[in-house]
Amino acid sequence: MVQVQAAAEEAAVIPLLTPYMIGQLKLSHRVVLAPLTRNRSYGHVPQPHAAVYYSQRATRGGLLISEATGVSATGEGYPEIPGVWTQQQVEAWKPIVGAVHRKGALFFCQLGHVGRASSNDYQPNGQAPISSTDMQITTPDDSGILYSKPRRLRTDEIPQIVDDFRRAARNAIKAGFDGVELHGAHGFLLDQFMKASTNDRTDLYGGSLENRCRFAVEVIDAVVAEVGAHRVGIRLSPYMDFMDCFDSNPEALASYMMQQLNRHPGFLYCHMVEPRMAIVEGRRKITHGLLPFRKQFNGTFIAAGGYDRKEGNKVVADGYADLVAYGRLFLANPDLPRRFELNAPLNKYDRSTFYTQDPIIGYTDYPFIEEKDEDSAITDA
């Protein structure tokens with residue numbers, strides 16, 4: 001018991017477990033659940049088992065970000081991922097959000113559109129996926145999906161996609177979410193427009209850096225106008241080269257986007273992925289490459305990308321990031337903040353169950369620390 005008391009006292013000075021104000025929202029710790037695609041929303045409708053999954057990972061004063069949630073029927077590209085464009089989906093999200101709120105946590109809905117990261121099988125009437133380009137993804141990934149040749153959006157069609165994001169944001173707030181995160185990362189539609197490798201357009205949405213970012217900026221502006229800057233964050237991965245989506249000057253891209261976010265006073269947060277997560281081997285040597293953008297951005301800065309407890313504590317203590325998002329570790333350890341508090345051993349994740357459709361296995365069956373075992377679970381800090 002002496003060790004438990006000592007660990008509890010130490011928790012007060014563990015950087016990851018210190019309080020933080022994100023806008024006007026009070027967090028009790030800085031361990032964020034990263035958005036994680038889980039493929040268990042049958043028919044693209046959130047299911048009751050999601051309430052178990054998310055509430056397991058909810059703590060009083062914690063922040064959870066939902067899995068990528070489609071803004072329209074054309075935005076789907078993977079099996080059984082949720083949406084928020086229909087009233088049925090909105091109603092299905094309400095008890096899930098309610099379960100998280102009853103635990104005292106904040107819950108943000110990540111709004112995404114996969115763009116060309118899809119196949120005809122997932123599109124309305126079997127049509128071609130829409131994108132910034134008509135170039136097909138050729139580099140395989142671990143989804144097992146054969147991506148179809150996309151159709152380049154016409155200039156006059158783009159406002160409709162912007163409006164899809166706006167309506168989805170409104171729906172998310174109706175469902176009870178505390179805010180929304182725009183998915184501008186990992187080769188999805190916003191990223192496809194922003195990065196030079198996937199934007200070969202010659203209209204107002206292609207060519208210069210400003211033009212390539214125009215679509216993302218219009219989405220940001222529309223969503224901020226709809227729900228307020230204080231309810232909006234964005235996830236960006238300027239260094240990522242996932243699904244043939246990369247840029248030759250990620251620093252310039254990220255800096256420009258920081259300027260655009262700062263145009264909105266009170267824009268809540270920027271959530272950025274470390275360059276070491278990029279596939280190109282040389283970039284893996286860049287361990288911490290986000291500091292320039294953290295300094296440029298006026299709001300809360302969330303870092304993500306392969307963090308553990310020790311490194312998370314360091315970047316918070318150093319002022320490199322305000323919050324740290326954890327994916328695989330949080331997936332396998334529903335009580336991750338508590339384990340960080342005790343410096344306890346972590347469950348190992350099972351990658352083979354990440355994207356299966358089972359409502360329990362690999363989803364809600366990862367064990368918690370039992371209170372009776374806490375004495376033996378503590379290790380040296």
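**Group meeting: cavities, a pocket and helix packing**

Okay, let's start inside the protein: Ala68, Thr69, Gly70, Gly75, Glu76, Ile81, Gly112, His113, Val114 and Phe188 line the second largest cavity. Before I go on, please keep in mind that this is a predicted model. That cavity holds about 40 Å³ of space, and its lining has 4 nonpolar, 5 polar and 1 charged residues.

How many cavities of 30 Å³ or more does the structure hold? It has 2. So much for the second largest; on to the largest cavity, with a volume of about 50 Å³. If you want to click through its walls, look for Gly184, Asp191, Met194, Lys195, Leu236, Ser237, Pro238, Leu253, Ala254, Met257 and Met272. By class, those lining residues come out as 7 nonpolar, 2 polar and 2 charged. Which helix provides the largest share of that lining? That's α7, with 3 residues. Helix α5, which is residues 189–194, also supplies at least two, as does α7.

Now for something open rather than closed off. The second largest pocket has a volume of about 280 Å³. It's lined by 20 residues, and the closest to its centre are Gly23, His230, Gly266, Phe267 and Leu268. The lining divides into 9 nonpolar, 9 polar and 2 charged residues. Here we meet α7 again, residues 250–262: this helix and strand β1, residues 20–22, each give at least two residues to the pocket lining. The biggest contributor is β1, with 3 residues.

Since α7 keeps turning up, let's see how it packs. Its axis and the axis of α6 come within 11 Å and cross at roughly 40°. That angle makes α6 oblique to α7. The crossing is right-handed. On the α6 side, the residues that meet α7 are Leu209, Glu210, Cys213, Ala216, Val217 and Ile220. Facing them from α7 are Ala252, Leu253, Tyr256, Met257, Gln260 and Leu261. In terms of class, this contact has 10 nonpolar, 1 polar and 1 charged residues. You'll recognise Leu253 and Met257 from the α7 side of this contact, as both also line the largest cavity.

Staying with α6, which runs over residues 209–227, there's another partner: helix α4, residues 158–174. Their axes come within 9 Å, at a crossing angle of roughly 35°. What is the hand of that crossing, left or right? It's right-handed. From α4, the contact uses Ile158, Ile161, Val162, Phe165, Arg166, Ala169, Arg170 and Ile173. From α6, it uses Phe215, Glu218, Val219, Ala222, Val223, Glu226 and Val227. How do those residues divide by class? There are 11 nonpolar, no polar and 4 charged. You can pick out the charged ones in the list: Arg166 and Arg170 on α4, Glu218 and Glu226 on α6.

Last pair, I promise. Helix α2, residues 48–56, packs on helix α3, residues 87–102, with the axes 8 Å apart and an angle of about 25°. Why call these two roughly parallel? Because their angle is about 25°, and angles under 35 degrees count as roughly parallel. This crossing is right-handed too, for α2 and α3. The contact is made by Ala50, Ala51, Tyr54 and Ser55 of α2, together with Trp93, Pro95, Ile96, Ala99 and Val100 of α3. That gives 8 nonpolar, 1 polar and no charged residues.

To recap: there are 2 cavities of 30 Å³ or more, a second largest pocket of about 280 Å³, and right-handed crossings for α4 with α6, α6 with α7, and α2 with α3. And again, it's a predicted model. Okay, over to you.

How values were computed:
Residues are numbered from 1 along each chain as its sequence is written. This is a predicted model: local features need pLDDT of at least 70, side-chain atom pairs count only at pLDDT 80 or more; totals for chains, interfaces and linings use all residues. Side-chain values use heavy atoms; hydrogens and water are left out. Axes are lines fitted to C-alpha atoms, for helices over the stretch in contact, and angles run from 0 to 180 degrees between N-to-C directions. Helices (H or I, at least four residues) and strands (E, at least two) are DSSP runs, numbered from the N terminus. A crossing is left-handed if the near helix is turned anticlockwise from the far one by less than a right angle, and right-handed if clockwise. Contact means heavy atoms within 4.5 Å. On a 1 Å grid over the protein atoms alone, a cavity is a set of points where a 1.4 Å probe fits but cannot get out, and a pocket is an open set with protein on both sides within 12 Å along at least five of seven lines; lining residues have an atom within 4 Å of a point. Grid points are joined across faces, edges and corners, and a volume is the space filled by probe spheres set on the points. Angles under 35 degrees count as roughly parallel, over 145 as roughly antiparallel, 65 to 115 as roughly perpendicular and the rest as oblique.
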